Every structure is written in structure tokens, then in C-alpha cells.
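User: I should like to learn how to read the features of a protein model. Could you please guide me through them?

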Amino acid sequence: MRRVMVIDTSRCVGCEACVIACKNENRVPEGKYRDWVTQEARGEFPHLSLEIRSERCNHCSDAHCITNCPTGSSWYNDDGTVQIDRSKCTGCKACIASCPYGARYVHPDGFVDKCSLCVHRLDRGQPTACEEVCPTGAIVTGDADDPNSEVARLIRRGSLHVVHPEAATRPNVYYVR
Amino acid sequence: MKRPGMGSPVPLSRRRWLALTAGTLAAATAARFHPLGDTDAHAASGPLQDPGTDGRIVRSVCEVCFWKCGIQAHVQEGRITKIQGNPLHPLSNGKLCPRGTGGAGLAHDPDRLVRPLMRVGERGSDQFKPVSWDEALGHIAGKLEDLKKKYGAESLAIFNHGAGASWFVHLFKAFGTSNFGAPSYAQCRGPRDTAFDLTYGAEPGSPEVLDIANTRCLVLLGSHLGENMHNTQVQDFASMVARHADLIVVDPRFSTAASKARTWLPIRPGTDTALLLAWMHVIVHEGRYNRDYVEKYTSGIDKLKEHVTKFTPEWAAAETGLDAAVIRDTARRLAGAAPAAIVHPGRHTTWYGADDTHRERAIAILNALLGSWGSRGGFFIPASPKLAPYPTPAYPEARAAADRLPGEAPFALEPLSQGIRRATIDGKPYPIKAWFVYGSNLIQALPQREETIKAIQALDLLVVVDVLPMEIAGWADVVLPEASYLERYDDLLKLSWHRGGVALRQPVVDPPGEAKPGWWIARQLAHKMNLGQYFPWTDIEEYLKERCARSNLDFEQLKRDGIILSPPKPTTLEDGLTLTIATESGKIELYSEKLEKAGFSPMPEFRRPPAPPPGYFRLLYGRAPAQTFGRTSNNRQLGELSHGDRVWVNAKAASDLGIHDGDRVVLVNQDGIQSAPLRVKATERIRSDCVFMPHGWGHTAKGLRYAVGKGADDSALINRIEVDPVMGGTGMRVNFVTLRKEA
Amino acid sequence: MQPHVELDSTRAHLLETGHLFWGWEIPVYLFLGGLVAGLMITVSAVILRYGKERVTSAMRLGLLAAPVLLSLGMGALFLDLTLKLHVFRFYLTFRPAAPMSLGSWVLILVYPVQALLVLALPWHAFASRLPAHALLDRVRSLAERLVRPLAWAGLLGGIALGVYTGVLLSTTVANPLWSSSSLGFLFLVSGSSTGVAALMMAERDHDTQAMLARADVALIVAELAVIAAWIIGLATQGPLYREAVSVVLSGSYAPMFLGIVVFGGLLVPMVLEAMALRGKAMHSRLVPALVLAGGLLLRFVIVYAGQEVRFFSV
């Protein structure tokens with residue numbers, strides 16, 4: 001099983017409902033973000049383009065945060081997602097240093113936190129909080145190893161890209177232009 | 001004695017050094033490939049530490065904006081943990097915009113009004129003492145009775161915004177006034193409502209009855225969908241974009257919507273009517289209009305054809321700064337998609353004053369030429385639910401509203417807020433002595449702030465009902481704290497949409513302090529004003545159950561589901577709808593005789609607005625997705641999102657002034673009025689003759705501890721207006737600003 | 001021509017002020033750890049090359065100071081932890097692929113090596129002041145017999161201690177300034193140099209001073225070469241890496257890096273030491289002091305400047 005997320009940036013309007021929904025669902029502390037929205041405008045007036053992306057931990061298949069964690073607090077779930085065991089975290093921040101995407105933050109309670117892909121919801125058959133709220137339907141999660149899933153279909157269709165591909169961590173959050 | 005090894009440059013041979021270092025490095029690197037190196041990396045250990053925030057679920061209706069999406073709120077230990085869209089409600093479909101999602105930030109706002117207050121200092125000095133409800137309402141009732149004796153019931157004016165106002169509208173109609181000035185008319189949707197009413201006998205509605213989900217071509221004029229986060233409309237917009245329907249966006253700014261458009265027209269501000277007339281020229285003169293539809297449902301096509309002859313794309317190109325060939329091409333694409341084509345009517349349409357109604361008439365006419373009114377992928381004719389009223393006595397006769405002098409703005413559909421304000425100042429056509437303000441921060445909502453303050457100073461009584469201490473509350477004589485939309489029942493909410501429905505707003509959590517729901521306040525006040533017979537029920541549930549019973553609705557089902565939908569019926573011609581036009585003539589009036597009789601141009605005209613003075617930019621304002629103008633600036637949840645409280649300036653124009661991205665500036669308008677400092681977004685995404693800022697920042701009310709001092713207030717810079725002569729709308733995009741860099 | 005890009009995000013305002021994940025605690029530890037590594041390597045190398053009799057009292061003092069300095073360094077690391085109560089978790093597992101795990105074990109394993117080495121060395125003046133203790137005597141005689149293996153342990157331990165921190169930084173992968181295979185070697189050489197410099201501060205014997213000075217000159221030359229390799233290597237990796245390098249070569253950290261670290265902390269002491277060795281100047285304590293200051297500031301620059309340029313910018 002490989003749980004992935006595919007986000008259609010042509011639909012996304014950058015409203016940040018995903019940010020608030022995640023904050024409420026996962027009790028993300030004030031001033032910290034498990035997900036955020038990035039806007040990238042290119043060109044010169046009037047020949048312009050804009051890409052809007054909802055970003056979060058990419059649950060990389062080559063996660064340096066897991067390799068570099070000295071206590072095993074960061075680990076791979078059976079579904080391929082990167083999770084954090086708070087009981088083992090010392091707050092050394094080697095994982096924060098190892099994340100090319102800046103997806104992790106230090107929680108006021110001392111442990112490091114990040115997007116968990118709402119596995120507590122996915123395991124119950126519910127969508128992730130961001131996926132559920134998104135008014136444009138831009139976010140889809142699913143099992144890439146299931147050929148009948150929507151995400152597998154989107155991956156087959158191709159033309160997906162990832163953020164900062166030069167980091168080469170095999171991220172599992174994909175973007176459709 | 002010479003010690004062994006003296007004189008050797010290194011204590012160890014270089015080879016050994018290198019070997020040892022390389023060995024260590026190799027060991028460490030090898031460990032990263034060794035499977036054992038990740039021994040417990042795959043341990044299925046660790047409990048799931050995100051149990052979520054599910055709690056007791058209450059279905060209700062949002063009121064962070066006017067759209068009224070169905071919501072379901074989760075409550076744990078008296079606090080709202082999260083708010084989702086109600087999957088059963090057709091406006092949310094289980095989804096929600098960021099503002100509704102952050103609604104708990106209002107319910108749990110520590111700056112909430114919690115006690116009735118009465119003024120102790122000078123009016124506007126923001127000095128109050130807390131009083132009991134009895135005292136506050138008794139004072140109001142007494143004052144209103146005095147004023148009724150002296151000046152008549154019509155001396156009371158109400159400014160209201162929001163569904164919760166219904167109780168007060170009912171009460172004060174019973175009192176005998178007709179001065180209901182919702183700023184949302186003359187300061188917002190007025191021009192388009194009047195224009196569509198003149199053309200179709202009906203308005204585009206709230207929510208707008210646009211079948212964007214099925215349209216083949218959508219034209220947006222200034223509407224920045226996406227930054228304008230009206231839930232359902234954005235859902236439909238996204239699905240339309242995803243299936244690559246044609247999107248044409250006309251906007252001086254490269255908005256989010258413009259970024260998704262096949263064609264973006266970076267139009268010179270104030271010239272949209274010229275573009276619309278040129279489109280009409282192409283569509284009519286090239287015979288691309290929907291002939292059958294026009295023949296069957298409209299009148300005046302021949303006169304229109306003659307009228308638009310001179311509005312060529314070349315003419316419009318000179319006015320708008322756009323390319324004539326592009327104007328032609330977009331007109332043809334629009335016509336080619338008919339009848340599943342929409343020229344969006346907009347919502348906030350009080351722009352330049354002189355031709356706002358003309359511009360909206362042009363939009364209405366264009367849609368008629370396409371045949372989109374009543375068509376799938378165009379404007380659907382909404383289905384409304386059957387909802388029986390609660391029987392109360394008839395209202396007394398009331399004198400006509402004081403907002404206009406004879407002959408002024410003859411086509412206004414509602415009283416003009418600024419007209420009531422003027423009558424308050426100069427007593428013509430008759431004096432207005434009391435204002436009752438519900439859920440509307442008039443200080444930011446009305447342009448020409450000094451006039452508003454002047455009017456307030458002339459009042460005998462100012463009552464403000466609100467949830468937060470907005471600027472207007474600081475000027476009041478009596479402040480009444482209301483329970484927020486998450487803490488109260490409101491009257492049943494009618495949904496007119498693809499299917500009709502009745503929705504229920506019910507309390508999710510208790511209100512803080514002594515805040516009370518509007519129904520309670522109105523009812524208490526009614527009894528003190530001897531108008532108790534208009535509130536012949538004791539308890540809100542009694543009222544709601546009675547209405548439901550009379551309307552054949554199951555109240556318990558409504559409480560459980562949040563909405564009950566009416567049986568489906570046709571809403572488009574394709575569905576089998578019989579299209580009737582509600583104008584007097586029964587036809588869609590391309591040529592308006594009513595306008596002609598009143599001395600206005602019967603077909604749209606373009607009035608070129610004055611250009612900005614040298615060194616100045618036209619001030620444009622609009623929406624940001626995480627906020628509902630000034631209502632949400634104090635919401636601490638929403639405060640974590642992108643503020644959007646910068647002023648957008650063309651990068652090159654800014655750099656010519658020595659200003660760069662992120663710099664702090666003060667905006668100074670043509671009359672020397674200065675804004676609070678705010679940061680610049682120097683960007684390629686806007687023309688160099690205008691600046692853009694979101695409306696609603698720059699609060700000065702000290703009670704809004706989170707919002708105060710953030711960003712700048714655009715409405716303070718809007719001291720000049722241009723009044724639309726047809727319906728009295730206040731065109732507000734007629735101010736110019738220059739930028740001054742701050743340290 | 002760079003295409004014009006405008007970047008913004010929900011969290012951009014946070015990144016303007018709060019983009020550092022590691023603060024002063026880390027460079028302080030890196031300096032102390034590197035210094036201790038240098039002390040261990042130098043003393044062990046002297047024992048292995050010249051025998052334990054060549055060890056001077058200053059070197060013994062250095063070895064005695066090592067566990068104290070290392071504890072201070074570990075104290076700084078402890079202060080950096082945001083969940084200090086869980087610090088024991090480092091020692092419930094061994095994950096060799098994680099340099100921080102490797103390092104946390106090395107850190108505690110070098111203590112007994114240092115203690116035993118101290119006991120293995122002749123302590124004539126000191127020994128007479130120690131109370132007679134049967135266990136201590138037995139450990140001492142064991143240590144004295146195993147002095148060569150202990151010196152090997154000290155050398156390897158010191159090298160591990162010196163190298164792993166550089167490897168830790170470079171294996172984060174996510175920080176362009178640290179993404180160089182030269183970093184481990186740089187920390188090793190720099191640490192050795194600061195260890196030698198510390199010994200020079202305390203050394204009274206003229207011949208040993210000269211020996212140490214010769215070693216330090218060679219180490220500084222090597223260090224300059226590694227720094228060059230580090231910078232040039234990064235500059236050829238692409239635009240992001242060039243941007244990271246520009247922070248230390250032309251940006252906000254350039255004055256500290258070029259002026260204080262390279263010039264004042266490396267070039268100047270190297271020249272002065274070389275001149276002193278040729279008899280053209282006196283050996284003075286100024287030189288090792290400059291080396292020590294340069295070593296500390298090198299680590300501050302690397303740790304802080306390394307956090308300025310990352311893959312993401314908003």
C-alpha cells in the first residue's frame with residue numbers, strides 16, 4: 001500500500017480552507033502549520049502565469065528525516081506515510097534539518113510535528129481534513145498501489161510534478177498543472 | 001637529547017590519517033545503505049497520536065458571509081472544535097470556505113460584546129457602562145415612543161445586514177417606519193439588481209443563480225472568484241476550469257480567476273461598459289445572437305442594433321487599452337458558446353457611479369442576446385420552497401422612506417443608506433432622529449466617513465446590535481450584545497436554488513456572558529413598545545415548530561439534517577421550464593421604455609471616468625479569500641492565514657517611486673487623506689495606473705484587540721463618491737492615491 | 001536571464017524571522033567537540049609515534065580537561081533539545097545510518113577512553129598527591145600496560161568525534177551549504193587544529209611548542225585546502241548551491257567568514273607560526289588564541305549561514 005496525494009493546481013484557488021481545516025482537525029498550535037498554500041507567479045505584465053499549491057509533508061519514499069532520526073521517532077507506517085512517535089522524540093531537530101520542504105515544526109509541547117496525512121481518518125475510510133473541506137475538489141488521496149484508485153489513474157495519466165524535484169527524495173504528493 | 005621524530009612535520013604518516021578518516025566516513029555512509037541501519041524504521045510501533053476533533057455534531061447554517069452554507073459543527077466540552085460543510089446542504093455539499101471553517105474564531109473571540117452597554121461620555125468617546133437588558137431595552141422603548149410622538153415613527157431608520165435582522169425588520173415595520181437602509185444595496189449590489197430588474201423583472205439573486213457548473217463560456221468582469229470565496233460558486237468554477245470550459249476574465253489585475261482564464265483582458269479601469277458595448281456590436285452585427293430566443297423572449301433588438309453600430313471594437317480598443325482583434329475574438333467565442341454562456345453580473349457593482357446601471361444593463365442585455373437567461377449553463381430560474389408565514393397582525397401604513405428627494409434615483413429598489421444619512425443631517429424630506437444598526441459597521445461600510453459621523457451627531461438615539469465592538473458601536477448610545485450565528489436560532493432560511501429548501505440555524509454552543517439571540521431582543525423590545533401582538537409566541541422553538549407545521553415540514557428532521565429540500569422542479573428551458581419574464585411587457589427589455597420615460601438613456605451608454613492625476617493611482621479594492629471584509633479581521637483563527645492586507649502596486653511603477661516589495665507605505669488620496677501604514681506587494685500582476693487593496697482592514701476600534709492596527713482602511717480614503725443617477729448607488733472607485741514610503 | 005518569479009505563502013511571514021532550527025548551542029558544541037577530538041588525536045598520536053614519555057604535562061592537562069570540555073559541549077546539546085525529558089531515548093537504540101545516533105554513542109564512549117589514557121600516563125608529581133587506593137592502582141597498572149591500544153582507541157575515537165559532526169551536517173541533504181563530502185574532513189582538520197592550538201596555549205616546553213606549531217601549520221594548510229574544495233565543489237553544483245555559497249562569500253556572513261575566520265583565524269596564525277618556526281618571530285600565545293577564535297567562528301558561520309538558503313524559500 002502506498003498512500004499518496006494528488007493535487008490539481010488548476011482547480012485550486014488558494015483559499016486556504018485546507019490550512020484551517022487541518023489546524024482544527026489536528027489541533028495545530030497557533031503560528032505553526034502542517035499545511036500551507038504557496039503562490040508562484042511568473043512572467044512580466046501582461047504575460048503572466050500563476051500556480052497555487054497546497055503544500056505539506058510529502059511523505060517521501062526516501063525520507064532523510066527517518067534516516068537521520070537518532071531515536072526512531074520518525075518511522076514509516078505500513079501505508080508508506082511518514083509518521084512521528086511523540087514518545088520517542090527528543091526535539092533534537094535533525095529531522096527539521098533534513099527536510100528540504102520545511103514541512104516540520106517544533107510543537108510547544110517539545111516534540112516535532114508535521115502532516116500525518118490524517119491516517120486516523122484514512123483508516124476509518126474518511127478523507128483527510130484538507131481533502132474533505134476543499135471547495136474546489138483539488139485534493140485527492142488514495143492508494144497508488146491500487147490500480148483502480150483515482151490517484152493511480154491520475155498518476156498513469158502523467159504530467160504530474162512535485163515540489164523541488166532537485167531534492168530527490170521521491171515525494172508522494174503530486175501536483176497536476 | 002634529540003627526541004625521536006623531532007622535525008617530522010606530522011605526528012602520523014599522511015597515509016594513515018587519510019585512511020583513518022576515509023574509513024570513518026565510509027563506515028558512516030555504508031550504514032545508510034545497510035538494511036540493519038533502518039532496523040526499527042519500519043516498526044509499526046507508535047500509537048496514532050491524531051485522534052481528531054470529532055464531538056457532538058450540530059447542523060446549522062453559517063453566517064460569516066451572506067451565502068448561508070449549511071454547516072456541521074463539532075462540540076467538545078462546550079467548545080467548537082471544528083466546523084465542516086453539511087453534506088446534505090446544496091450550497092456546501094460537505095465543503096466549506098476558509099471563513100466558515102474558522103467560524104469558531106468568532107464564537108470563542110475573547111473580544112465579544114457580552115453585556116448591554118449605555119453611553120456615559122460624549123458620543124463617540126467610546127465610554128460605556130454595563131447595564132441590565134431591562135434598563136437598556138426600557139431606555140430604547142422610551143426614547144422611540146418619545147420620538148414617535150414628536151416626529152412620527154418614520155423618524156426611526158434601520159441599517160441592517162444579515163439573516164438575524166429579520167426580527168428587527170418585522171418589529172420596526174410594526175412600529176411604522178419604512179426607512180430600512182441596508183448598505184448592501186446602494187453600496188454594493190444595487191446597480192446590478194436594478195439593471196436586471198429593468199431588463200428581466202428579476203434579480204440575479206443571493207446566491208446568484210448562475211449555472212457555472214454547466215457553462216461553456218464564463219465572462220468575469222472584475223469578479224475575482226477564488227479570492228471571492230462564495231463557496232458553491234467556487235465549487236462550480238473549479239469544475240468548469242477542470243473541464244477546460246472557456247473563461248474570459250476582464251480585470252485590471254491578474255486575479256486568481258484571471259490566472260485560470262483562457263484570455264485575460266487587463267482593461268483600463270472604468271471602461272468595462274465600452275467593452276460590453278463592443279461585444280454587443282460584434283454579436284449583433286455579425287448575426288451571432290441567439291435569434292430564436294431573442295425573437296421569442298425579448299423586445300427592442302432592432303433599436304439595439306442601431307444603437308450599438310458606433311461601438312466598434314476599434315472604438316472600444318481606444319477606450320479600454322485592449323486589442324480590437326481580441327475584443328472581436330472574445331465576442332465570437334462568447335456567442336459561440338450560447339446559450340450555455342454567462343456574462344457574470346457581478347455582485348459589488350457600485351464602481352464609477354456615472355454608468356454603473358448602464359454597465360449592468362449591458363451585461364443583462366448581452367446575456368439575453370446569448371439566450372442564457374433560463375438556460376442550462378446560463379442563469380437558471382431558481383426553485384423556491386413553500387414556506388408559510390407565522391400569522392401576525394398587518395403592519396400599519398408607513399410614510400415613504402426619507403432616502404430620496406422627489407425625482408432622485410427613481411429606479412432604486414430599496415432605500416439608499418446614504419440618503420437616509422443625508423436626511424438625518426438636513427432633515428429633508430423629513431427628520432430622521434434615531435438609528436437602529438444591526439450587524440453593519442457603518443463606519444467602514446459607508447463612504448464619506450465624516451458625513452456618517454455628522455449624521456450620528458445629529459441623532460437623538462443610536463442603537464447598535466452586534467457581536468463584536470466594531471467602530472460603529474463606539475458611537476452608539478446603547479450597545480446590545482447579540483449571540484453569534486453559532487449560538488442562536490434564527491428564522492427559517494429559505495433557499496432558492498436548483499432545488500428549493502428550508503434550512504435551520506440552531507445554537508451550537510451557548511452565547512458568552514449576557515449576549516442574547518436577536519429573536520429574544522426583538523421580542524423583549526416589542527413588549528416594551530406595546531407591540532407584543534407582533535410576537536405572539538413565547539419561545540423560539542414554538543415559533544419555528546408552528547411555521548414548520550404550517551409548511552408541512554418536520555421540525556425534528558430539520559434539526560437533525562439542517563435542511564429539508566423541496567421536490568425538484570424544472571429550472572431551465574432544457575429541463576422543461578416554461579420561461580416567463582416578469583417585466584410589465586412580459587419581454588426581456590433590451591430597450592427600456594421605463595428608463596426612457598424617466599429621462600435616462602434607454603440603452604446602455606459609456607461614460608469615460610476621469611483619468612488619475614499625474615503621479616496618482618486609481619484606488620481599487622476587493623476581497624481576499626480568508627476574510628469577509630471587516631467582520632473577520634478580529635478572528636484569531638483566520639488571522640493565521642495569509643492576510644492579504646498589502647496594497648498591490650505594479651512593480652515597475654513602484655520602483656519608479658523608489659518603492660520595493662515589502663516596503664511600508666502610506667496612501668495619500670487626492671484630498672490629502674492618509675491611510676495607516678501598510679506593506680506593498682510590488683507585482684507584475686496589476687496595471688500601472690491603479691492599486692488594489694482588500695477592503696476591511698485598518699480597524700481603529702480598540703476593543704478589537706487582535707484586529708486593531710493591522711493593515712489599512714481603504715474606506716477611509718473613499719471620501720469622494722459618484723452617485724449613479726438611475727438608482728442612487730455610490731460609485732466608490734473614483735478616488736486616487738499616491739504612495740509615500742515610510743521608514 | 002532569470003525568469004521573473006513572485007513567491008508567496010501562508011507561512012512566509014514566519015520564515016522572515018524564524019527560519020533557524022539550530023541556534024548557538026550547536027556551534028558551541030561543534031567547537032568543544034572538535035577541540036576535544038583534536039586533543040585526543042594529538043595526544044594519542046604523540047604516544048603512538050614517540051611513546052608515552054614524550055607526553056608533556058600540558059598534554060596531560062589537555063587530556064584531563066577533555067571530559068570537562070566535552071561535558072560542556074554535551075550540555076549545550078542538551079540545552080538545544082526541545083523535549084529534554086526524552087534525552088534517554090538516544091541510548092535505547094543504535095541507528096548507525098543516523099549520524100546523530102552514531103555521534104551520541106561516540107560521545108559517551110570516549111569518556112572511559114580519555115579516563116584510562118590519563119591513568120596510563122606517568123603521573124610522578126601528581127601520583128604522590130593521590131591517596132593510595134587499591135582499585136585505582138590496579139586500573140592504573142592495567143592502563144599502563146595497555147597504553148598503546150588505548151592510544152589507538154583515543155586516535156580512532158578522536159577521529160570519529162571530529163568527523164561525525166561534519167557528516168551529520170552533510171547527510172541532512174536539505175541544506176545546500178552543507179551538502180559537501182568535504183565537510184566531515186573540514187571538521188576533522190579544523191578540530192585537530194583547535195586541539196593543537198589549545199595545547200600550544202598551555203605548553204611550556206620549547207621543543208614541544210615547535211613540534212605543535214609545525215603540526216598546526218600543516219593542519220591550517222590542509223584546512224584552507226579543504227575549505228577551498230568545499231566552496232568550489234558547491235559552486236559547481238548548480239544555482240541553489242551557488243546561492244548558498246554566496247552567503248559566505250559575498251553576503252551577510254562574508255565579513256565574518258573571510259575577514260575573521262579565513263584571514264584572522266587561518267592565514268594570519270599560519271604566517272606568524274611559520275615565521276616563528278624560522279626564528280623570525282617569537283612563539284606567542286596570540287597565535288593559538290586566533291586559531292581557537294577562528295575555529296569557534298567557523299562553526300558559527302557554517303551553522304547559521306547554512307540555514308539561510310534552503311530548497312524552499314516561502
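User: In which hand does α2(C) pass α12(C)?

Analyst: This is a predicted model. In it, α2(C) passes α12(C) in a right-handed crossing. The axes of the two helices, α2(C) and α12(C) (residues 286-305 of chain C), come within 8 Å and cross at roughly 135 degrees. Angles over 145 degrees count as roughly antiparallel and those from 65 to 115 as roughly perpendicular, so α2(C) is oblique to α12(C).

User: Which residues in α2(C) meet α12(C)?

Analyst: Among them are C:Ile26, C:Pro27, C:Phe31 and C:Gly34. On the side of α12(C), the residues met include C:Leu292, C:Gly295, C:Phe300 and C:Tyr304.

User: Which helix gives the largest share of the largest nonpolar core?

Analyst: The largest nonpolar core has 285 residues, and B:Trp279, C:Trp22 and C:Leu161 are among those with the most contacts inside it. Its largest share, 16 residues, comes from helix α2 (residues 25-50) of chain C. Another core, of 53 residues, lies apart from it and includes B:Val463 and B:Phe555.

User: What is the order of the strands in the open sheet of chain B?

Analyst: The 7 strands run β5-β4-β15-β14-β13-β6-β7, with mixed pairing. An edge strand pairs on one side only; here the edge strands are β5 (128-130) and β7 (179-180) of chain B. Within the sheet, β6 (residues 156-160) and β13 (residues 434-438) of chain B pair in the parallel sense over 5 bridges. The bridge partner of B:Phe159 in β13(B) is B:Val437.

User: Which helix packs on this sheet?

Analyst: Helix α4 (residues 133-151) of chain B does, and the strands touched include β4, β5 and β6 of chain B. The direction of α4 makes about 130 degrees with that of β15(B).

Technical notes:
Residues numbered from 1 in each chain as written. Chains lettered and ligands numbered in written order. Predicted model: local features only at pLDDT ≥ 70, side-chain atom pairs only at ≥ 80, totals over all residues. Heavy atoms only, no water. Pairing = 2+ DSSP bridges. Helix = DSSP H or I, 4+ residues; strand = E, 2+ residues; numbered from the N terminus. Contact = heavy atoms within 4.5 Å. Axes fitted to C-alpha atoms, helices over the stretch in contact; angles between N-to-C directions. Core = buried A, V, L, I, M, F, W, Y, C linked by side-chain atoms within 4.5 Å. Buried < 20%, exposed > 50% of the residue type's maximum accessible area, 1.4 Å probe, protein only. Parallel < 35°, antiparallel > 145°, perpendicular 65-115°, else oblique. Left-handed = near helix turned anticlockwise from the far one by under 90°.
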